[in-house]
Structure formats: C-alpha cells, structure tokens
Amino acid sequence: MTSSTNVSCFHEARRVAIFGGTHGNEMSGVTLVNLWIQNGKEIQRKGVETKPFITNPRAVEKCTRYVDTDLNRAFTTENLSAPSGDDLPYEVQRAQQINEIFGPKGSPEAYDVIFDLHNTTSNMGCTLILESSKDYFNLQMMHYIKNAIAPDSCPVLLTEHPLLKYSTSRSVAKHPIGLEVGPQPQGVLRSNIFESMRVVLKHALDFIELFNKGLEFPPCTVDVFRVSEKMDYPRDTNGNIIAMVHPNLQDCDWEPLNPGDPMFQTFDGTTIRYEGAGTVYPTFINEAAYYEKQQAFVTTRRETLAAGAIKKT
Amino acid sequence: MEPVSLPAQSRVALCGGTHGNEMSGVYLVRELQRQKLEKVGSATLTTVISNPRAVQMCKRYTDVDLNRCFTDAILSSPVTDATPYEVRRAQELNTLLGPKGSVGAMDLVCDLHNTTANMGLSLISYSDQDCVILHIYRQIQRKITSVPVRFILLDLPLADAYSQDSLGKHGFSIEVGPQPHGVVRADIFNIMKEAVDQTLAWVQCFNSGSAFEGGEVDDVYTFVKSVDYPRDPETNEITAAIHPQLQDRDFCLLHPGDPMFLMFSGEIVKYEGVEVLHPYFVNECAYYEKSIAFHLARKMTLTIPPLQVKRD
C-alpha cells in the first residue's frame, strides 16, 4: 500500500471468498453458498475470482453450530501453527486447511477479501462486522453498502478490542468482513433474512467491481459501534442462570441503555437494572450460542471513524 | 347440554424439557422446583424435567424425539441394548405419570413446549370431548389477552396418541412461540407462566366445587394435513423458503392461489388445495427433518357442557 496526495492505494481485489456454514446451523449463509456453488452467476464480477465455500461441512451436515469446538474462534496463531494431526479437534484441523487454501493469514498470498455469512437470534438487522478501525478499504466498502441500502440501515460493529476480539475464519484474509443478519432461529431459514443477506452481498461485490475498475473513493466517515464490555447473565453458585434478558431490553439491539434501565428479569419476576457509568449501546442481545460463552449481550460505544480516499494501485 | 360431573383432579403433573432446547418449560419447571411448589389446594403437583440428557446438551433429543414415544406400541416394546435413550425414558415416564390408560395415571398432565413458529399461546390435545381440558382452555382464553390463545385438536385414538400429555387421564400441551430453540425470552416465559398459573388456578377452583357454566369455545383448529418444502429430487435439500406473506402468519386463512413458498430462484409456489385452511407450525425448526413446512387445519367452534366436580 502506498500513499500519495492522501489517497491510499490498494492492489486490485482479485481473490474474494464467501464463507457460509462457519456455524452449521446458521442457515442463510449455508443456503446462499450452496446455491452459488451450484450456480455462481449471481456472484460473478469482471476481473474477480469469487469463491463460495462451506467452511464447516460436518457441522452443516448435522445442522449444529460446531462438532468439537467453535470454528469462528479457532484461527489463533497457536492453532494455525500447531503440528497437524487427526488427534486435533475437527475445527482446528479445518482451520489449518482453510488457512492453507485462503491464507496463510498475514501473508501476501492471502485472499484479498473474505465475507463470512452468519445469522444471529438477536435483533441485529443486517450488521457488518469490522475487525480493524484502520482498514480503509473495508471502511469505504461499508460506507458504500450503507449508502446503497438506505433508508434501510446497516449497523457496523467494530470488534477491535484487546480482550474481546476473536480469531475468526475470515481473519485469514487481508480484508475480513463479517455479515451478521438476524433475528433468525438456529436451524431455520427465513425468506426475508435470506434476501437481505443476498442484497448486502450484491452491493459489496459491486463495490469491489467499481474499485477494480479504477474508481477513486473520496474520504468518508463511517459511524460504528465499538465493542466495550461483555455482560453475562446473573447466575447462582452452580453456574445456572437465574434471570432472563428483561422484556424492555429484548430485541433492542443498537438502542441506548442508560444507567437505571431494566436489564434482566429473574424467573420470579424481579427486575435487575443496568448500573454502568454511562449510556451504552447493547448488541448480540440474547444470542442462543452465547449462553455457553457467558454472554447475555455485549455493550458498545458509538464512534465515528474516518477513512482516507482509496483507489487501486 | 347435560351438565357433566367428573372426579377431582387430585394429581397434577407439569413437564418441561420434553425437548431439551425448548427453554421456557425447562426454566419454569426448575423455578417451581426451587420454590418447592408441591401442592395446589388439595391437589398434589409433580414437576418433571422429562428429557434431562437432552436438556443438559441443549438439544431437542439425543437419539429419537421423546415426544413421539408415547404410543401404546412403543411404551410396551421390549427394552434391549439397542433401545434408544428416549424410548427407555418414555417407559420410565409412563411408570411415573401413567400407566397410560389406567386408573393409576395422573389426573392431569400438562407438557410445556416452545416453537419457532409465531403461534402465540396454543393448547394442543387429542379430544374434543374432554371437558376438563376444554374448560381449562376457556379459562386461559378469557384471562390471557396479551397474545392470541387457540386450541389445536389432533384427532387420534388414545393408543396412537404419541405425546407425553397422553399419559394422563386428561392431558394437554402448552405451546408458546415464537422463540428460537436454546433461547429463553422473558416475554414468552411470562406467557407460559401465566398459562400454567391459570391452569393450576382452574384445578383449585374445580376441586373446591365451583360450577363452570357451559357455552361455546372458538378458535379451535383440527389438524387436516401437512405440507413439505419444495425439495431437490436428487439431494432432497429444500429449494425454497416459506413465502414472506405466509411467514409469521400462523392461523391466517390460506386460500387457493395464495403464496406458500418463495423459491431461491425467485418463483412463487402457490397453494393449490381446494379448501380454505389455516396454516400453523409455520417454519418450525424441528420439523424440517420431519419434512413439514407447516400443518393445515380447519377452524371450528365447540359447545361445551357445564362442568362440576363429582361429589362423593
């Protein structure tokens, strides 16, 4: 990447992957990727090799989130550099294979862009997940997508955090983008959720095509929600949850949660209130898969990120 | 109609976790156990987590669907090393809550379920002649106004009745949705709790001699048939999703020509039946593997007789 007169230049995005089934029971991505494996016309763009790929086929086959361990947490340096072997958990073996095909992570040979398709039981709408606040290419793409789908909204979740950031399957690429669409129950395919994901991807691929043609994208700003803190359910001494997300908070992803607002309701009807210092914006509220990760929701703070102008080298 | 008198409902059972990932019932039963609720007026209350292994794994079942194991045939089948966990468990539950069809069975079995379908609060049972169940339904329908309350009738003889509630002399399931499996939503939990509270309140009133007047109950739906998803003939994978105009519209009217499915290719598949029917269990997660996209039902109204407890 070189800079001249404040325009950041990136190489053409020639190798793009679309991952589905990283969690085998998140059906929109599984369905879209299988569709495109059979007939990829819809995702073809001039000058781009777009590869649809099922990342966790065993989990997809069993319609379960994972077989041994969460694939979307498995791309740690430790796992990727471990000696390969059949004794490794299935998903760690799979992470190593994916790193070989689409990486190696961090190297010049890695894929340019990977879109990782996910669903959530939370009411997050069409959320884009950004891993780095300094990735101008991704910021410009997200700015483009947000404009393209307006007046519908596309919140951007920034997971850049020393403790809360996790090693995703898409992190193998130079420019990783997560698409998290909900609410949808695990194992269920809802037509509206499926079509929203399809539309967002179309705009994303349009952006890549325009970029590759040489279009310069002027400086822009993107409003994001930066992850702040993981909030667990209240639990008893045996680790069992003793309260549920409060009806006032349920489905209110991206809305302000103020100190004193109801947060949880115990099974016998008592309200537990939020006692943080200031207003936060919760998301991933009541995600099914996060009960075992001790997370009822995650708090975020609003931020505006600036991206410089970009064009292809 | 002639008034009916029936014995007191002295032994009541409340079951949760028959499907291990249907969380309202799991947490409600655990909460009642924590509160040590064992009596309802003069009646005893037995609370059961029906499929503890599935609950522990937060899955619908481990080997086979427990809530299809209560037919006479399966309950009396010999147990071998190859017998699935849920079949053994069904036989254990039959000993605890039944035996099905016998004098020793629980008076009332109430089984708690959730669905990913937008079914509000539905009571499901086998008979349109069971005055206890129908009066409970009427009470719940009158007292709970925050969600639609409906009754679903499965027309099956007792021997073929496959669900756990058939173990009791009187039995029904409480089905509340929509809720994703593996998730507990406070609003859905609160509805289920209210339905259980109303059921136990009715039992207490009935046992203490209250007279319940006869009358009509509406929003009764009788199962007619199921409809599967369009599938690829070679791979058997689904090739369409429930159409947006049908999604979340359980119990609406489905007319000939109305959209049912939206193919991934964009085509619309329309309902081609002759009769106007009511879909329910629309897009229930657990039914994909049973080849069911939704059920269709006929709507009716029932007349129920006055009811009072039989005095000795």
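How far apart do the end C-alpha atoms of residues 219–299 of chain B lie, and what are the helix and strand contents of the span? The legends below describe close-up views of a predicted model, starting with that span.

**Figure 1. The span 219–299 of chain B in the predicted model.** The end C-alpha atoms of this span lie 7 Å apart. Helix accounts for 0% of residues 219–299 of chain B and strand for 36%. An unreviewed UniProt entry places the feature "domain: AstE/AspA barrel-sandwich hybrid" at these residues.

**Figure 2. The spans annotated as "domain: Succinylglutamate desuccinylase/Aspartoacylase catalytic" in chain A and chain B.** In chain A, UniProt (unreviewed entry) places this feature at residues 13–208. That stretch of chain A is 35% helix and 18% strand, and its end C-alpha atoms are 7 Å apart. In chain B, the UniProt annotation, also from an unreviewed entry, covers residues 10–201. Residues 10–201 of chain B are 33% helix and 21% strand, with end C-alpha atoms 13 Å apart.

**Figure 3. The contact between chain B and chain A.** Chain B contributes 25 residues to the contact, and chain A contributes 25 residues. About 2,200 Å² is buried between the two chains, and 59% of this area is on carbon and sulfur atoms. Three salt bridges are counted between chain B and chain A. In one that joins the two chains, D248(B) pairs with R190(A), and the closest N and O atoms are 2.7 Å apart. The count of residue pairs in polar contact between the chains is nine, with both residues at pLDDT 80 or more. On the side of chain B that touches chain A, α1 (23–34), α6 (186–207) and β10 (240–242) of chain B each supply at least two residues. By type, the residues on this side of chain B are 14 nonpolar, seven polar and four charged.

**Figure 4. The ten-stranded sheet of chain B.** The sheet is open, its pairing is mixed, and its strands run in the order β3-β4-β2-β5-β8-β6-β7-β9-β14-β13. At the edges stand β3 (39–40) and β13 (278–280) of chain B; each has a single partner strand, so one side of each has no neighbour in the sheet. Strands of a sheet pair through backbone hydrogen bonds, in either a parallel or an antiparallel sense. Strand β7 (residues 149–153) and strand β9 (residues 215–227) of chain B pair in the parallel sense, over three bridges. Within this part of the sheet, L153(B) stands opposite T222(B) in β9(B).

**Figure 5. A salt bridge within chain A, R170(A) with E131(A).** Over all chains, the whole structure contains 32 salt bridges. The side chains of R170(A) and E131(A) form a salt bridge with an N to O distance of 3.2 Å. R170(A) lies in the loop between β7 (156–158) and β8 (175–182) of chain A. E131(A) lies in the loop between β6 (125–130) and α5 (136–149) of chain A. The pair, 39 residues apart, links distant parts of the chain.

**Figure 6. Backbone features in loops of chain A and chain B.** Most peptide bonds are trans, and most residues other than glycine have a negative phi. The peptide bond from G103(A) to P104(A) is cis, with omega near 0°. P104(A) lies in the loop between α4 (90–102) and β5 (113–119) of chain A. In chain B, the peptide bond from G98(B) to P99(B) is cis, with omega near 0°, and P99(B) lies in the loop between α4 (85–97) and β5 (108–114) of chain B. Q294(A) is not a glycine but has a positive phi of about 55°. The loop that holds Q294(A) runs between β13 (281–283) and β14 (297–307) of chain A.

Methods
Residues numbered from 1 in each chain as written. Chains lettered and ligands numbered in written order. Predicted model: local features only at pLDDT ≥ 70, side-chain atom pairs only at ≥ 80, totals over all residues. Heavy atoms only, no water. UniProt positions renumbered as here; feature names shortened; annotations may be inferred. Helix = DSSP H or I, 4+ residues; strand = E, 2+ residues; numbered from the N terminus. Contact = heavy atoms within 4.5 Å. Buried area = accessible area lost by both parts, 1.4 Å probe. Salt bridge = Lys/Arg side-chain N within 4 Å of Asp/Glu carboxyl O. Polar contact = N/O pair within 3.5 Å; in protein donor to acceptor, adjacent residues only side chain to side chain. Nonpolar A, V, L, I, M, F, W, Y, C, P; charged D, E, K, R; others polar. Pairing = 2+ DSSP bridges.
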